[in-house]
Structures are given as C-alpha cells and as structure tokens.
Amino acid sequence: MGLVTADVCVVGAGPAGLTASIEAAKYGLDVLVVDSNLKPGGQLIKQIHKFFGSREHKAGTRGIDIAQMLYKEALDLGVRVWLDSTVYGVFGGNTVEVARGVREAQALGTTPVREVVKTKKIVLAVGAAENPLRFEGWTLPGVMGAGAAQTMINVERVLPGRKILMVGSGNVGLIVSYQLTQAGAEVVCLVEAAPKIGGYGVHAAKIRRAGISILTSHTVLRAFGKEGVSGAEIVAVDSSWQPIPGTEEKLDVDTICVATGLRPFTKLAAQAGCKLTYSASLGGWLPIHNSDMMTTVSDIYIAGDLAGVEEASTAMEEGRLAGISIAKALERIDPKKASQEAEEARRRLDMLRMGPFGQMRHDAKAQVTKAGDELCQRI
C-alpha cells in the first residue's frame, strides 16, 4: 500500500471535478483527481450535442469537446489525474483510499494497487445514479437506464437494440431518444406518466420531427420475454397515476430505456460522516452544504450532481466555487479577491437557474445552502 500526499484530492473527473481542480491549481495548490472511468469528462463524454446558454458556459460546443478542453487545462496546470481508479474509502476529511488500475487488474487477473492519499481538503464530485423503474419484467436483459444506452452508443459505439421504447420525457429521455435514432435504432415510442412533457420543448420538437411518438399520461406496464425483451405493453394512466383498464397497447420492441431521473450518489459522503438532507427538487438525499460548497465535515466540499441534480454548466460553476473556497481556506488567495470570485460564480449559478425549470431548483438550492450556512457556522 502506497502513501501519496496532495493539498486537494478531487474524487470525480467530470465537469464539476475537473473545474474544481483547475480552480484550486490556479492558486498553486497541489491537486490530485481520481476517477473510476477510463476517460475523463464524466457525463460530458456521452454528450455529442452542442451546449445551450452563454459563451462563458461553452455554448455551441459539444460535451465531448468540453471534456477534452477541461482535461487539457487541468493537466497544463499540473493537476495529477488517476483514471481507472476507484475510491473505496473516505475517512474524516483528510484520508482517501484508492484502488488503482481496477480494470487492468481484472483483465490480467491481478490485484489493483492500493494507495492511501493524505490531503488537506477533499472535493467529492461523484455525480448521480439513474433511478430504476419497477414493472413486470424490469430485470430482463434489454431493460436499461437511458444513460447506459447513451454510454453504449456515444462512448462504446454499440447499439443497445434495434427497436426502443423510451420511458420518461425529461431532457435525458428526449436527448437520448434523438441520439438513438442518429445511431441507427428506431425509437418506437416515448411514454411519460405525467400529463405534460418534462424536458425542454426544443428537444421534444426535435424528436417529434424525427417521427417519434410522445404519449403523455402513459407508462410501461410490462416487458415480455424470457432471455431478453421481446416486447412491451404500455397503458394510459389517470390523474392518480393508476392504469386505465382497456387502454393497454402492445409494442414490438427489443429494448426498454428508462429515463426517470437521477439521484445524488451519496455513499462516499455518508461514509465520511457528512450529514444529509432531502430535496425532491434536487433528486433526493444529498449532503448538507453551505454557500461555499463545504459540507458538515469541514475539510470536505462537494460539487455537481452530488450537491443536487442539475446540468453540466451548473456543475462547472459549483466546481469553480469549491476550488475558490478551498484556496481561501488554505490561504492561497486574498480573502477580498476570493469573495469577489465566489460572488461572481454564484451570480452565474443564479443565471443558470432562471426560468420555469431552473427556478424550482434555485429555490430548493437556496433552502439547502441556507441551512448549511447556519449549521456549518456552528461546526
């Protein structure tokens, strides 16, 4: 078991983690980033579409290109990045235990190298996990999360199926439906249990133009098949979300993709002793944190979907805010400049949370950070 030191250890090389590492490294901090994937970028490496928004949030740039830009910037600043490395323990706010070369060891039949990282500050930017949906046949091969399907087509270049049923009309369901058609699959139908589409109208319009039917107030009732999905049955639901008898319809599909939301991946934070709170608007349970992204364990900060499920642009701003806050805590930046930089990051976050979709998250986030500010002051 090796011993490694760093000023800051960032867990997760997605948009939040890479941005946090860049910001901390700008102020001369020695930063180590650890990620279990083989490529840096997190969700960005699956996103082949161009980002919306402002120039400062990479508008007009594809997610896969943003990932490479952030990774190069981090490396140019001297950030160390360990890929194919799984964090299996976070103890207190200063010790991270890592298994390095996990996939390589599996391929060779050997044991991963164990490393203990001693650090001054930790940033947990581990993202979120897909929510499952239970229905008859939900464990059959061919039933998968929409994010898994997106990984298969955009990263692994493997088509998950030929005829797809998509469940859920949030942005993930809408975007992945379009990308599946681009990859050569047929999305037979998209069903949404709510009475209206959950994602942006621009994405819904795009898949309607591609000929994909969107059925609101409908859900999947069951999957057929023995060795894998050979069909599905959908049904209309009433205002109480109950199936309406006589509205069942069978579909000829070989794959069912579930896009029913994400939840923050809280296991490491909980293990480290960070107190959690619940916010339905932000995806469920998440670590309590203050407006500087610090948790109730004073040396642990969070950013991105772990701090509440939102978008990649907000993840980058939260990563930037965490990096600034750490530089201030370690006295690497003038306090006045740190306050100015932090306020600018918060201003951009407020801009990103404007509009009918963002306001709900803005209010939920304000509630979480207000409680975090009060609680962290007493620590």
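In the hairpin formed by β4 and β5, Gly92 takes a positive phi near 65 degrees. Three residues lie between the two strands of this hairpin. The model is a predicted one, and the hairpin makes a handy place to start looking around it.

Strand β4 covers residues 85–91, and six bridges tie β4 to β5 in an antiparallel arrangement. One example of the pairing is Thr86, whose bridge partner in β5 is Ala99. Strand β5 itself spans residues 95–100 and is mostly covered, with five of its six residues buried. On to the next strand: β6, made up of residues 113–124, is also joined to β5 by six bridges, and β5 and β6 run antiparallel. Here Val96 has Val117 in β6 as its bridge partner.

Val117 turns up again in the protein's interior. The largest nonpolar core holds 62 residues, and Val117 is listed among those with the most contacts inside it, along with Val8, Val31, Val87, Val90, Leu124 and Ile300. Helix α8, running over residues 312–329, supplies the largest share of this core, namely seven residues. A second core, separate from that one, has 18 residues, including Met166, Leu174, Ile214 and Ala259. As for the surroundings of Val117, leaving aside residues up to four places away in sequence, Val117 touches Val4, Cys9, Leu32, Trp82, Asn94, Thr95, Val96 and Val98. The bridge partner Val96 is thus one of the residues that Val117 touches.

Trp82, one of the residues touched by Val117, has a charged visitor as well. The charged end of Arg100 sits over the ring of Trp82, 3.9 Å from the ring centre. A similar kind of arrangement involves Lys206 and Tyr178: the charged end of Lys206 sits over the Tyr178 ring, at 4.9 Å from its centre.

Ring-to-ring pairing is a short story, as the count comes to one aromatic pair. The pair consists of Tyr278 and Trp285, with ring centres 5.4 Å apart; their planes meet at 70 degrees, so the pair is edge-to-face. With 51% relative accessibility, Tyr278 counts as exposed because the cut-off for that label is over 50%. Trp285, at 48% relative accessibility, counts as partly exposed.

Another partly exposed residue is Ala270, which has 39% relative accessibility. Ala270 belongs to helix α7, a stretch covering residues 267–271. From Ala270 to Gly63 there are 207 residues along the chain, and the C-alpha atoms of the two are separated by 30 Å.

Stepping back to the whole protein, the secondary structure adds up to 10 helices and 19 strands. The radius of gyration is 21 Å, close to the 21 Å that the globule rule gives for 379 residues, so the protein is as compact as a globular protein of that length. Taken along the principal axes, the C-alpha atoms fill a box of roughly 65 × 50 × 35 Å. Of the 379 residues, 51% are buried. Contacts across the sequence also feature in the picture: among contacts with a separation of 6 or more, 62% are between residues 24 or more positions apart.

Conventions. Residues are numbered from 1 along each chain as its sequence is written. This is a predicted model: local features need pLDDT of at least 70, side-chain atom pairs count only at pLDDT 80 or more; totals for chains, interfaces and linings use all residues. Side-chain values use heavy atoms; hydrogens and water are left out. Buried means under 20% relative accessible area, exposed over 50%, partly exposed in between (1.4 Å probe, protein chains only). Helices (H or I, at least four residues) and strands (E, at least two) are DSSP runs, numbered from the N terminus. Two strands pair if DSSP finds at least two bridges between them. A nonpolar core is a set of buried Ala, Val, Leu, Ile, Met, Phe, Trp, Tyr and Cys residues joined through side-chain atoms within 4.5 Å. Contact means heavy atoms within 4.5 Å. Rings of Phe, Tyr and Trp (its six-membered ring) pair if their centres lie within 6.5 Å; planes under 30 degrees apart count as stacked, over 60 as edge-to-face and the rest as tilted. A charge sits over a ring if NZ of Lys or CZ of Arg is within 6 Å of the ring centre and within 35 degrees of the ring normal. The radius of gyration is taken over C-alpha atoms; the globule rule is 2.2 Å times the number of residues to the power 0.38.
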